[in-house]
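New to this one? Here is a quick tour of a few spots inside the fold.

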Amino acid sequence: MKIILKRIIKILILALTFLSGLVTATIIWIIRNWAEMNASELIYHLTQSVNGANPEVVKHYLLKYFFVTVLIMIIAVIVAVYAHRRSKAIIVYSLYLLGSMGLVCFSGYLLETRMGLITYYKHQYKIAKGIEEDFIKENYVDPKSVEILFPEKKRNIIYIFLESFEMTYADASHGGAFERNVIPMMTELSFEGEDFSGDDEMLEGGESLTGTDWTMGGMFAESAGVPLQVSIGGNGMQDQEDFFPGLTALGDILEEEGYVQELMIGSDAKFGGRDKYYTQHGNYKLLDYNWAIKNNKIPEDYYVWWGYEDEKLFEFAKEELDRLSSGEKPFNLTLLTVDTHFEDGYICPQCRDEFGDDRYANVFACSDRQVYSFVKWIQEQPFYEDTTVIISGDHTTMDTDFCAKVSGEYQRRTYVNIINGNSERMMQNDRKYTTMDLFPTTLAAMGISIQGDRLGLGTNLYSDKKTLLELYGTDELDDLMGRPSSFMMNLSNVYITTEDLDKVSEGYYITETNEDGKITVSLSYIRSINVNSLEKAELVITRKSSGEKSLYDMSIIEDDVDPNIFTVSSETDFSETDLNDITVEIYFTVQGIENYRVLFWEKTD
């Protein structure tokens, strides 16, 4: 028995060594590839399916981190076997255990210092307890609560999300941070439109804050005016039937006004939950990589980069615009480029060797020309007169070295340009804004009047209203955006999970007797979950001696301060019951889970 126990301990130590090493390696990989990743972004991606992800990214992780960790572990096992033969196993396993604990501590250190995960948990607890204000809730303007008036003749919109595109890439004389302008054509194009930089030739752009600084987060922010947050305790969005059903986004507003809406991207729309967001908020037709194959736009076995390249995207978009403009309804065609995705982008046949060995700069210069050419084509079409074109970077680049030489004092911003907008600016000075401000600003650029000039957390930049960035500054606003929001979690409609229900029992209490001879069974749950998905709770009392079961409905009471804190309770007369003879259980019914049993109390002597 003693020998078996020793073997089990050794196996557990080896398993701990491998897991701690793998976790540390994975965290280092994340930091090296996504230097600006924060807690909310990490949580979102951990809850998402990898469907549609670039296989090159997965391959890089497997080859340089996972398999290397496995190789090191094999060596560690060989060393352990050798030490065992030389009667030095206790020394080796002790070192492995200490090393594993060290890696666990180091991983925790990285998660906090580089992503703020522990701080995120602290803020979540404080908000749930009502100690801390839910900033998003306090500042959110629901589009359903304000009057939004469309002009008699509705304008079309072409919204072009440019992957990782920053105004930073322009030269210093135009407000950028590079010695040589990597995006000269888009710089020139900015003078034809509006970027809210005032009257000078210095480009302005939107700041990407926490929760908005990756592709889905950026698209979500610009079309809904809020950061993308999901609960730590929630399921992945891919497991949900609804994607933020309580939210009103740009697509919802345009759909109600009869717009035909399409999302065209060169990758799989499932990645990051884009398919659900755009189909549920605007009934967009999805023209993605799979659509291109199904409609014989590309061969069935064609796959480059994330699917197909931007050269094809713009050609397909021209065909769609010809078709859409021939219809009677106003349209919204939303595009997302992909060639400029990190790491180092995709070299297509149109790319030139303009920046030597700097591949990423060559890719951006190529994208610069392609987008410029596409916009010039739009301006030559009959439908252009009634069409507003929005060009915006989805977020700042995640490439770890492309902006390495940019001063830390320089504020990097996405490229923003509104062309052929139908609105006049009330403020002519340089505006400071985030990508969330593009939500109401896009509507205003289409000649649409917005009561109060605010939607979501965004401000209409054509108005004289100050943006949240102008009120709070970058550092403070970014910190507030990074804090968990019970309000956003309720909008997300993430269901309660069985794991959540199991942990509910940690907060229960039972009063055995009171003056009325009744037993009160109550429990409270302060961990942030979506209480809206809790449909029913029933108390089941089982008498051990007879096996008889009694069923009682429980009241569900939401907290006055935070709707994510709930209490279920029931008062039952057991004045003549032997308390040692009963077992107390609660059956929950929530969305997706029926009659889930949780044992709360079994009275013993």
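What follows is a short walk through the cores and two residues of this predicted model.

## The main core

Let's start with the biggest greasy patch. The largest nonpolar core is made of 121 residues. Phe220, Met264 and Ile391 are the ones with the most contacts inside that core. If you're wondering which element gives the most to this core, look at helix α13, residues 359-379, which puts in 11 residues.

Now zoom in on Ile391. Setting aside its neighbours within four places in sequence, Ile391 touches a good list of partners, including Ile160, Leu162, Met186, Leu189 and Val375. Tyr415, Val416, Asn417 and Ile419 are also among the contacts of Ile391.

## A second core

There's another core too, separate from the main one, with 10 residues. Leu14, Ala80, Ala89 and Tyr96 are among them.

Ile13 sits in helix α1, residues 2-33. Is Ile13 buried or exposed? Ile13 counts as buried because its relative accessible area is 11%, and the cut-off for buried is under 20%. Beyond its neighbours within four places in sequence, Ile13 is in contact with Tyr93, Tyr96, Leu97 and Ser100. Ile13 and Ser100 are 87 residues apart along the chain, yet their C-alpha atoms are separated by 8.2 Å.

## Thr414 on a strand

Thr414 belongs to strand β8, residues 414-419. With a relative accessibility of 0%, Thr414 is buried.

Which residues does Thr414 contact, leaving aside neighbours within four places in sequence? Among them are Phe165, Glu166 and Met167, along with Glu204, Gly205, Gly206 and Ser208. Ser392, Gly393, His395, Thr396 and Thr435 are in contact with Thr414 as well.

Note on methods:
Residues numbered from 1 in each chain as written. Predicted model: local features only at pLDDT ≥ 70, side-chain atom pairs only at ≥ 80, totals over all residues. Heavy atoms only, no water. Core = buried A, V, L, I, M, F, W, Y, C linked by side-chain atoms within 4.5 Å. Buried < 20%, exposed > 50% of the residue type's maximum accessible area, 1.4 Å probe, protein only. Helix = DSSP H or I, 4+ residues; strand = E, 2+ residues; numbered from the N terminus. Contact = heavy atoms within 4.5 Å.
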